[in-house]
Amino acid sequence: MVEESGIRVVRCGGNKISFRAPIISKDSRYEFLLCASGDLVKVFSTSTEECVHVLEGHTGQVTGVILNPTNHLQVYSCSADGTIRLWDFIDGILIKFFLAVSKSVFVSPENFQLVALHLPKVPEQEVEAREMSAVLCNISSNPGSTAMGRGGEYVASVMGRQLTVYFFKKLKTYRFSLKATDKKGAKNAFTCVACHPKDDCIATGHEDGKIRLWRNFNQKKEYTYSTQHWHHDAVGTLCFTTEGMHLLSGGVESVLVQWHCEEVNKKDFLPRLGGAISHICVSPDGQMYSTSHLDNKINIIHCSLKLSAVIQGLVKGNIWTDLMIDPRTRALVMNGRPGHLQFYSLQQDKQLYSLDIVQQEYINQEGLDQFEVMRAAFSVGGTWLATVEERGRCTSDLESSLKLWVYNEKAQSFELNTTITAAHQDRIMHMCFSPSTETTMLVTTAWDNQFKVWLLGLDSDTQKEHASWSCDYVGSYHGLQPTNCCFSSDGSLLAVSFKEVVTIWSSDTWELLTTLCQPPGPIRELCFGRLSCSKYLLGTTAKNLFCWNLLTCSLEWSTPMDVCLLRSDPLSENVVAFSLHSGNTDLFVFRPSEPRPLFTQKAVCGGKVQRCVFSPREEPLDSCDERFQWLNRSRLYFLTELMELLTFSTKAEDERILNSRKQLLVDDSVAVTPFYLLLGKHRQQQEEKQNSGVSQAADRVQPPQASVAIKELLHTPAHVLPAASFLCSMFVNSLLISNTGSRNLQEEKPFSFPLCSGTNGQICWLGM
Amino acid sequence: MGEFNVHRVRFFDYMPSAIRALAFQPQRERIAVARTDGTVEIFNRADCFFQEKVIPGRQQAATEALAWVGDRLFSAGLNGEIIEYDLDNNKTKYTIDAYGGPIWSITSNKQGTHLAVGCEDGTVKLFEVHEDRIQFERNLAKQKGRIISLSWHPSGSKIVAGMMDVIHIFDTETGKLRALAFPSYDLLGTSRSQECVVWSVVYLSDGTIISGDSAGKVKMWDSRTGTLIKSHQVTKWDVLTLSVSQDETSLAVGTSEGHVVQFQFLSMVLGQEDKEWVRTRTFKNHTHDVRAVLEVNTAIVSGGMDTQFVVRPLLDKIDERGQASALRNIQFPHRRLVSCARKAGLLLFQYPGHLELWRLGESEGNGERKRENTTLSIKRKRWIAYSTVASFRLYRLHCENNNVSIIKVSKLPKVLSSANQICFSSDSSHLFVASTCSSVHVAILNQSGCKFVCTLKPKSGSGQAINLLAASEDGKWLASANSDHEVQIYNLNKMKPHCTVPVHSSGVSAMAIHPTTNNLFMVHADQQLTEYSVEKKQYTDWSRQVQRHGLHSLWLERDTPVTNVTFNPKNPAHIVLHDMYMFCIIDQTLPLPDQRSQFYNQLTLRSMPEKERKKHSHAFKMCKIFKELLFVELMEDQSLVVVERPLMDITAQLPAPVRQKKFAT
């Protein structure tokens, strides 16, 4: 945003991929799914779930993708920036782009029109499309409520309680209205529409869950419809299969319903797909369906109603937990699907996995009070995960439980260790693990005016095999309500804020050491300084930011500012504070030791910043500019009011990304295939390694991930990989425990043995 | 409008019987309804589905099917007999035994020359229709198993019969089986061991046969090749009845779930000729089996086990909103089943097989149980008269303290054999008995017995039966209305016809002569109100004013006819009317309601100050606080007798419907 400063706020992944209906297309061998994601069009492989290409170029939200009807390897995309672009999505190349004259066609605030835009056939790449004629006025902004009929002869659109059908040839419009109120109080407003590809039949979905099939709609009076009812809530989307044999419908129930057009009473179901279904699309050959869900997920379903692939984006529903970084995978952890925690890899822009915390079936129905994950915290090493789930927040009878999860190395996932039901009398507000390595300790604060300390230990009574958690200490202070708690970086001190008072406790003896008080106003956030600044404790109230020196137990400095969010970087002394100022959020980076900020940026984003987190970098940057040094070791991610995940990117980083992209680009002059890139690179690196010295510690078993070859193998989309038989030796080699002497022999001629796989699946050595 | 003491009567256990068959006569737009108790009712489609005639029958007849041949109506039942009805006099004309065991179906060909009946013994019997009788012509090739359903091809040369598991086509010329078209009715989805009953077949003019069966399927067959074109699974239970519209573009299907499903013959691609039968609408107006369904040009008429007669209009065929576009649900008969002695406070309830006499004011009731069959009865003061299909009875009633006794009057004049309507004069001195051909017999009652005086005959010479009689309070006038919509007024002093009221297009559903002004007040089936001055032989000014001004649309949109008219003895300007859902007092002194004014305005009037009320009040005072009404009468002592029959009580007595999964159960 602020270019000259060399640092800019960028959107970092997690875009909504289910915003608009995707399309499925196919080249000679592989099937692709294209979907609009923010201002990009992403091309996924339906078999590997990998993102194959990203079509970049739009400057606004992409509002629709459609296959070129004359070439199934090309795609048109339209965007809120007022352009239509034609892409070759196999190579990811922009072929043409059309500039629509009036921008309001795409983003008119209330009154939407359906217009026919003539795309002129001219050789230039950049074309202005001027010819435009309005087809229907006042249509719904939802593209699902407009559909083209058989062979493009008519277009059907629904709005409110009216279905409008416009015949292009006869230039005639027919309108059919439903009664405003049925006797039974049915909500019969239209929600979506679909047209049969072969017959003249229009299917409409309604708010009360009914589906109506309209026929004879070229008659003013003698039109007719039949009604089907399965959905208990509004029908979200409708789609006919390519041949018109089936009608697919979906809604809040998250069940894909396949209706048989011939036998209306027969229907098939595919339940438990995830969130509410917002779009359904069918591949041109009718073999694959895809359902887009509101929880940012696309399911690819074989036409026999078997789930074949899942493309999951970052789930941005209700977020109650903090943003956290899993210390092991460096994945971003937050609320995912209802009752789950999602682990999202920010580097790959992909969900790693979703951990079921509540372990209860979620019922897809509005207005139900179901368990939700409210708080979560990781221990320092990432071995322990504490979660709090709650139900009955609105009603008085609160049910909550504190769960502690341990990481199982073998299973590579978290396992439930202890469940404490009703850990506190009231809602748990905050919790944190002790950073000290000797003891595993968790502190929770709750509205019942207590904070509790939980310790891991062997239960002496039951003589159980494994250690479990139990309450060690219950603390309170003058019957005040505790809000925040925070451990010092060595874990020796615990700070708990009780309204306006900050209390400091010794974590060994649970003795109240001192109290700090700086009225007016209750303490909002509490945070210890790190590393060299660990003697400082930072606290915020609605008006001020305070810094106490714990050695002197006195206020070091304070500054009047409305801090809405305060976080310290675990890898440096830096602390970041977000402050809301006249509708925009400003960012301040400072060290507790000096009140002067290291870096400030006004108006980072509009609205209040909801959550933020520091994520440690894999490789530290070496930025020389003093102002950006705070970004060297960690990256700051933050979530805005509009649920956009943003981060800061420096110029150097941008350049690096650009370079890496250029490297990947295939130069046409040299016959460089991805295969060559893969093997060539592998070879180079191996050589480098040899040069740099082979005497690295070989006694440790190298986990498979470490091998670059494997990484390349696993991360390259399957359809661009060479035959598996060819890669086999490389793969086997990388798994072998390297013995320096023998390795040299092997490495010298890695491909001297022609390999081929036998018919029975065994690998045969053919001999030289 | 005043307050009344109300006798709320709920002990009349009126129970309508289930509808078994329907038949439509397109030329005269009459619908015949056969009920399981043997009754046949005739509804007039053109006259707001008014129940014009009720022909009592016997339960043993077990009527299974009805057929119109021109204006003549035939029925056949499981007792093996074919009945022709005398529609003029509301009785059975003659009965013929078909000698084939129980008859399951009867249909006539389009030409009106033949009747075909399907019998239990596997024969289809053809009867030739003559002027006055029907004559057996021949048996078509006998099959194994019963013939459940029949349908003629519109050309009349072929007939299709639905049986157990099989559909056969017969050639009516030769009587032979025309190629075994469907050797085995393919039961897709049902096990072989289970029999599949073809409950209904329809033969279309293009050679398509449509069948509905007990497997819940509607199947379309090609009759030339005997192949299945399409099969629709309509229900999990039975498809009981089919009916195709006259232009063969629409098909109504009745199922045992209580649904009526419509199929339409539509082109799949607009503007092309290829058409297919597509399932379109589903109507869920019944709770029990739909045993009969009819496609009547603009509406689908259905009836079944739940005793309702439902008229579901097809809105795409109706041009404007109005009476024709409203859903009609006929549950109660369009005539009075209760007779009331206003001075003595006695109520007489008419059941199909007996009468019950109740006295008001006390909680005890006295039952007068008779095994008799039907027709009307009227009681006034000390007499009870009733008539069955076969005979006429008169009783003298003694009512002292709590002892009620009746004495049969033995010697009755021979001419009083059977009656359509009975009426006493207000002083109990005369008895009026409506007989055949719109004639009314007059008899004098005295201590010794009953003496025949004369027979009053209308000038028009109409042959229709009288369905309403009304005598004036002063004993001078008698009015009779017949099902030709004619209203005759007789002068009882001269025993001569006095005049004829101009014929209104709609039948009279209730009428009465005003006690003081001697104006005949009539309510018609189309909800129009007329008042005719008997003495002046012309419509009264008020009646003319009503015609000029027009009635309020809410009044005209009511779907049940008024079945009783009485007058307030204290206030001659008040007329009390009631239909099934409301009772109403019309104040002739107040202005008629405007089209824009609020029709149901009692509540708003009550909230207004006294002075303003006058400005806003109008002639119609409606009261809807009661349950479904069978009878309302204003007694001498200004108390109101209200006979309610809540529909809930009727549905509670019905057998359990087929089990259906309800959402969230």
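Which side chains meet in a salt bridge at 3.7 Å, N to O? The pair is A:Glu262 and B:Lys230, where a salt bridge is a side-chain nitrogen of Lys or Arg within 4 Å of a carboxyl oxygen of Asp or Glu. Across the interface of chain B and chain A, the rule finds one salt bridge. The model is predicted, with local features needing pLDDT of at least 70 and side-chain atom pairs counting only at pLDDT 80 or more, while totals for chains, interfaces and linings use all residues. Residues are numbered from 1 along each chain as its sequence is written, chains are lettered from A and ligands numbered from 1 in the order in which they are written, and side-chain values use heavy atoms, with hydrogens and water left out.

As for the rest of the interface, 20 residues of chain B touch 21 residues of chain A (contact means heavy atoms within 4.5 Å). About 1800 Å² is buried between the two chains, and carbon and sulfur atoms give 52% of that; buried area here is the accessible area (1.4 Å probe) that two parts lose on being put together, summed over both. On the chain B side, B:Met268, B:Leu270 and B:Asp316 lose the most area to chain A, together 33% of what that side buries.

Chain A comes to five helices and 57 strands, taken as DSSP runs numbered from the N terminus (helices H or I, at least four residues; strands E, at least two). Of its 768 residues, 49% count as buried, meaning under 20% relative accessible area, with exposed over 50% and partly exposed in between (1.4 Å probe, protein chains only). UniProt, in an unreviewed entry, lists "repeat: WD" for residues 55-88, 183-214 and 421-454 of chain A; its positions are given in the numbering used here, feature names are shortened, and annotations may be inferred rather than shown by experiment. Residues 55-88 are 0% helix and 68% strand, with end C-alpha atoms 9 Å apart. For residues 421-454 the figures are 0% helix and 50% strand, and the end C-alpha atoms lie 14 Å apart.

Now for the salt bridges, of which the structure holds 31 over all chains. A:Lys198 pairs with A:Glu243 at 3.2 Å between the closest N and O atoms. A:Lys198 sits in the loop between strands S17 (190-195) and S18 (202-206) of chain A and A:Glu243 in the loop between strands S21 (235-240) and S22 (246-251), so the pair ties together parts 45 residues apart in sequence. A:Lys198 is partly exposed at 40% relative accessibility, and A:Glu243 is exposed at 52%. In chain B, B:Arg35 bridges to B:Glu41 at 3.0 Å, and both residues are buried.

Aromatic pairs number 47 over all chains; rings of Phe, Tyr and Trp (its six-membered ring) pair if their centres lie within 6.5 Å, with planes under 30 degrees apart counting as stacked, over 60 as edge-to-face and the rest as tilted. A:Trp214 and A:Tyr223 are stacked because their ring centres are 5.8 Å apart and their planes at 25°. A:Trp214 is buried, at 1% relative accessible area.

Two loop residues of chain B have a positive phi. B:Tyr99, not a glycine, has a phi of about 55° and is exposed at 69% relative accessible area. B:Asn518 has a phi near 55°, but is buried at 2%.
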